[in-house]
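Please open the model in your viewer and keep the selection panel at hand. The tour goes from the whole chain to single residues, one selection at a time.

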Amino acid sequence: MIITPTFVILLILVFVLVWLFTNTIDKRKWLTFLISIVLTPIAYFYVLYPVINIFSSYHHEKYFKTEAWKETPRLRFEMLNNIMDDSLLIGKTKPEVKAILGASEWYGWDDTMKANSPEKWNYNLGFKPGAFNNMQECIELEFNSNTVKTVSQYQLEKTFE
C-alpha cells in the first residue's frame, strides 16, 4: 500500500470519529485510545474504503496487452486510456487490428449507406466501475483505405430486464 496525504488524512479522520464514539462509551482516556487504535484500521478498510469505492468512478489503468484483451474482456476498460492516449491503433491495417484486438464484435452504423459498415469496427469494453452505472463503454475504429483513421469511445445505455 502506498501512503499518500489523502490516505493519512482519511485515517486521521476515521481515528477521530472512532475516538469520539468510544469516548461516549467509556471516559477512561487510555482505554478509549487503545480501542481507537485497534478499531481505526478496521473501520477504515471495512467501512469507509468500500463506501468510497462504491460511489467513486476511479478505476485502475493497465497497459494494453493483446493477450489480456482477448482472454479477459473485463480488463478492456482498464486498457482504454493506453489505447486512446498513445494512439496505438492509428495507421494499423485491418489484418493488424484483427491480430491485435481480434475480430470486430459488430459493425458501426453508417448513415450514408443506411446500413452497418464493414469500415467501422466496434468492440465492447464493459461497464465503467462504480455504483449506479448502466452505461456500457465501447470503442469504434473507423477505417479509410484499409487503415485505422480514428478511434472513438462512446457509451450505450444498458437496460436490465
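What follows is a sequence of stops, each with a selection to make and a description of what is there.

**Ground rules**

The model is predicted, so local features are described only where pLDDT is at least 70 and side-chain atom pairs only at pLDDT 80 or more, while totals for chains, interfaces and linings use all residues. Residues are numbered from 1 along each chain as its sequence is written, and side-chain values use heavy atoms, with hydrogens and water left out.

**Stop 1: the whole chain**

Select the protein chain and colour by secondary structure: five helices and four strands should appear, where helices (H or I, at least four residues) and strands (E, at least two) are DSSP runs numbered from the N terminus. Read from the N terminus on, the order is α-α-α-α-α-β-β-β-β.

Turn the chain along its principal axes, and the C-alpha atoms fill a box of roughly 80 × 35 × 25 Å. The radius of gyration is 24 Å, whereas a compact globule of 161 residues would have a value near 15 Å; the radius is taken over C-alpha atoms, and the globule rule is 2.2 Å times the number of residues to the power 0.38.

With a surface switched on, the accessible area comes to about 10800 Å², of which 63% belongs to carbon and sulfur atoms; such areas come from the Shrake-Rupley method with a 1.4 Å probe, and for residues only the protein chains shown count as cover. Buried residues make up 29% of the 161 in the chain, where buried means under 20% relative accessible area, exposed over 50%, and partly exposed in between (1.4 Å probe, protein chains only). Of the contacts (heavy atoms within 4.5 Å) with a separation of 6 or more, 41% are between residues 24 or more positions apart.

**Stop 2: residues 6–23 and 30–49**

Select these two spans next, since UniProt, in an unreviewed entry, places the feature "transmembrane region" at both; UniProt positions are given in the numbering used here, feature names are shortened, and annotations may be inferred rather than shown by experiment. Residues 6–23 are 100% helix and 0% strand, with their end C-alpha atoms 25 Å apart. Residues 30–49 are likewise 100% helix and 0% strand, and there the end C-alpha atoms lie 27 Å apart.

**Stop 3: Arg76**

Move on to helix H4 (residues 76–85), where Arg76 is found. Is Arg76 buried or exposed? Arg76 has a relative accessible area of 7% and therefore counts as buried. Show its surroundings, leaving aside neighbours within four places in sequence, and Arg76 is in contact with Trp69, Glu105, Asn124 and Leu125. A distance to draw here is the one between the C-alpha atoms of Arg76 and Phe64, which are 12 residues apart along the chain and separated by 8.4 Å.

**Stop 4: the loop between S3 and S4**

Now select Ser145, which is found in the loop between strand S3 (135–144) and S4. Its phi is near 60°, a positive value in a residue other than glycine, and Ser145 is exposed at 66% relative accessible area. Asn146 is placed in the loop between S3 and S4 as well, and has a positive phi of about 70° although it is not a glycine; Asn146 is partly exposed, with a relative accessible area of 36%.

**Stop 5: Thr147**

Finish at strand S4 (residues 147–157), where Thr147 is found. Thr147 counts as buried at 17% relative accessibility, and, not counting residues up to four places away in sequence, touches Gly91, Lys92, Thr93 and Glu142.
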